[in-house]
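Here are some exercises to work through with the model open beside you. Try each task before you read its solution.

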Amino acid sequence: MIMNIRTNPKKLRGFEHYVKVDNVSRRSILKGLGLAGGFVLAAPVMSRPALAAYQTGADKMPHGTVVDPRVFVAIAPDGIVTIVAHRAEMGTGVRTSLPMIVAEEMEADWSRVRIQQAHGDEVKFGNQDTDGSRSTRHYLIPMRQIGASARSMLETAAAKRWGVPAAEVKAVNHEVVHSATSRRIGFGDLAADAAKESVPSVEGLKLKDPKDFRYLGKGQISVVDLRDITVGTARYGADVRLPGMKYAVIARPPVTGGKVASFDGSAAMKVSGYQEVMAGSAWPWRSSVQPLGGGAVIARKTGDATKGRNAVKIVWDDGPNGKYESAAYRAELEAAARKPGLVLRKEGDVEAALKGADKVITGEYYLPHLAHVAMEPPVAVANVSGDKAEIWGPVQSAGGTREDVAKTLGIPEANVTVNVTLLGGGFGRKSKCDFAIEAALLSKELGAPVKVQWTREDDVRTGFLHTVSVERIEAGLDKSGKVTAWRHRSVAPTIASTFAAGAKNQAPFEIGMGLVDMPFEIANVQCENPEAAAHHRIGWFRSVSNIPRAFAVQSMVAEIAKATNRDPKDMLLELIGSPRIVKLDSVKDLWNYGEPYDSYPIDTARLRKVVELVADKGGWGRSVPKGHGLGIAAHRSFVSYVATIVEVAVDDKGKLTVLRVDTAIDCGTYVNPERIQSQIEGAAIMGMSLAKHGAITFKDGKVQQGNFDDFPVIRMDEAPGVTNVYIVPPGPDTPPSGVGEPGVPPFAPALINAIFAATGKRIRAMPIGKQLEA
Amino acid sequence: MITLKINGQQKNWDGDPDLPLLWFLRDEAGLTGTKYGCGQALCGACTVIVDKQAVRACVTSVSDVVGREVTTIEGLHPTGDHAVQKAWRQLNVPQCGFCQAGQIMQAAALLNDNPKPNHDQIREAMAGNICRCGCYQRIENAVHLASTGV
Ligand code: FES
Ligand code: FES
């Protein structure tokens, strides 16, 4: 979910940015907003560096940021303010929170604000990759600037109309007021004049004083789609219906990289309703987000297409991944983890320190592949005609989808329109737009609009799985029990292999997730990455490599506590050490979630704080009945700090119940605490799903699971009794940081540590599954 | 020719009588509020009410519901203000929202059957409806709220 490799971030930087814009049709936004005569886009787009108390990595993303109010805001003569949401909504609330920031700064009244979803166009809107828990941290300041610019233009227009100095007027709740003369004009009446004003320079903008915020940080505003969701009118990818649209379900190679050897569609053709069956061997696996190939069944209803697909007879040529087998592969990873690997971080002399240690504790932690199983399986609609293509779909990366569809079809990007629907969950899966490309290819071939629907089995078997990993940690202790050496080897097939076949070492954005950025105060530290070959497409999964890393590191903390007879929370704080900014001079390529280290350093004071807060609020150390246990874990990811305490009960048959979850998060300055709470509640469920049930396994190169029966996720009857969330109030000018993902990593180790406290059983391989049954 | 009654309206179908109701609703009747999540009665995203019972539309064929009343999320309440829908909004239940039509239909059927379910009854009745976003705490609270008056 972190990085989109599709675009060279250096491309389209600087001046080309401005040049390109002139080719963009300005009509489209006018048409889209339907607001001729109001405050609408009428000038070239400008991209300007954000002026802020802190810097973010936003401008290093493909196409950077755009802060022109005329791109994002339209005011109709009736006063309705339309704000563009340019990021994808997959449940985090971003479609509400970013426009809310604009509304706050421009003094718009939220009840008169409407949201318009941006189509894919990064030149116009800036980067649209909705992943990496980045939206708020990259866009808080740009959105405030957009709002402040719009407000200033409205104020200037009003001042001119009254013939008074601009300093005497003030925008308040959807109107501009001149208090000296008690005059006021509504935003709608000012729209046409304001549109003629020049956009003020960012440097001169005055942002609101946070104490005057009406919406930001309050959590009083519900998401804009709430009503539609409850009455069934919210529109997701599969809900798009076009006249003459055909429905397609595809039989993809069950082994990654496999090909069609022979294809017999006659049985499928016999079933009523089938229109066509196509053998598609023209789409070889190209080591990217390209479709896997296979054969498509086209029908008048999705149900018929699915039935037909299941009747198709295909002989596959499995290729070199046909021998992939999970148990054997685990043994390979373990063997690799027991040998030296590429050294990524080195402080002191770990080898000598381990040799000289009074005690060495070694833990090897295994996490199998995981599937995203977003509630909405991948789906997209495409209408390709001539050299034009229009796509509708639940894509996390609207701009990337546009680029990839254009490239695949060999047409200019300007000829591709990507309409972003709501996403029925994303979790990183929908940052790859292979399903939209499939729809585009089929539509081109059939000369008709096509909907490609993935079945749940397709989603589980042929997606982009979370990697499989062995994390091996050796901790050396001196006589007093102090940890003096820490060697962590991480072995896992890399996401980079999906984009560059044969990649065997993890990328900076993977090793930067809890391996080389380990925050403990230990004299001798070494982090290594032995090689691992991928045999399936590996992708981003909510919080990515932080899952195995937090599992390993935070389990090891509790293992050391046990070995030295200390309280796990005290042990954790001792290892985190003194409040300081962690220096990582030996790490060559410190990714830091794409953020500048100055603005977003590893600050152990903040990590300590969430531990202390959750320990206090969550009642760490309270006495619990026999068979119950408390576990704690803390982890920094996506530049946020999270600590979780879980209370479990394990009965004598090994039945596990999670009674209570307490989580503290420090995500810096925040916009909508109500949605932060819901993200953390959800992270507990996702963390529990992967800890208790999650395992995708392979045999003969094929995924052995297919649906929620053999790849179960947590249901309500297993869900935690209660989940409490504590949000650390931000300091002044604390930069915002991630929320969507950071809640996930600490959950599983907190749970596993709690199980240990309850039973004395140490789980080192996930999922827990039946391991607790005697 | 099969005639169905969906949200009080007659709908005709002359195609495959075995077509799952889910695809008739979505692809033929245009009632897209009912979702596909698994196709195997494992997730509850496709839950509709047939007569008074919550039913998984993905494993129910169109011919199974001839002569019965099918209610989808679109027809649950004329203005979308069923107690369950109101409770869902009051507690800001949804995240991505994709599972929620199914959750709401399941909850409505539960309350119809048992107007005052306790904690365990709610958890049991709702266990067939997966929410991958993990809104369970709020779903449970919202069912409780709907049962006690919104
Ligand atoms: S789609 Fe019917 S239960 Fe999942
Ligand atoms: S709200 Fe996303 S699956 Fe339930």
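## Exercise 1: A charged pair in chain A

A:Glu574 is partly exposed, with a relative accessible area of 38% (buried means under 20% relative accessible area, exposed over 50%, partly exposed in between, with a 1.4 Å probe and protein chains only). This is a predicted model, in which local features need pLDDT of at least 70 and side-chain atom pairs count only at pLDDT 80 or more, while totals for chains, interfaces and linings use all residues. Residues are numbered from 1 along each chain as its sequence is written, chains are lettered from A and ligands numbered from 1 in the order in which they are written, and side-chain values use heavy atoms, with hydrogens and water left out.

**Task.** Find which side chain meets A:Glu574 in a salt bridge.

**Solution.**
1. Recall the rule: a salt bridge is a side-chain nitrogen of Lys or Arg within 4 Å of a carboxyl oxygen of Asp or Glu.
2. The partner is A:Arg566, at 2.5 Å from N to O.
3. A:Arg566 is partly exposed, at 25% relative accessible area.

## Exercise 2: A pair far apart in sequence

**Task.** Work out which parts of chain A the pair A:Asp434 and A:Arg537 ties together.

**Solution.**
1. The two side chains form a salt bridge of 3.7 Å, N to O.
2. A:Asp434 sits in helix 14 (residues 434–446) and A:Arg537 in the loop between strand 20 (524–529) and helix 18 (546–563) of chain A, so the pair ties together parts that are 103 residues apart in sequence. Helices (H or I, at least four residues) and strands (E, at least two) are DSSP runs, numbered from the N terminus.
3. As for accessibility, both A:Asp434 and A:Arg537 are buried.

## Exercise 3: Around A:Glu122

**Task.** Decide whether A:Glu122 is buried or exposed, then trace its contacts.

**Solution.**
1. A:Glu122 counts as buried because its relative accessibility is 4%.
2. Its place is helix 5 (residues 122–125) of chain A.
3. The side chain of A:Glu122 makes a polar contact of 2.7 Å with that of A:His63 (a pair of N or O atoms within 3.5 Å; within protein, one must be able to donate a hydrogen and the other to accept it, and residues adjacent in sequence count only if both atoms are side-chain atoms).
4. The A:Glu122 side chain also reaches the backbone nitrogen of A:Gln128, at 3.0 Å.
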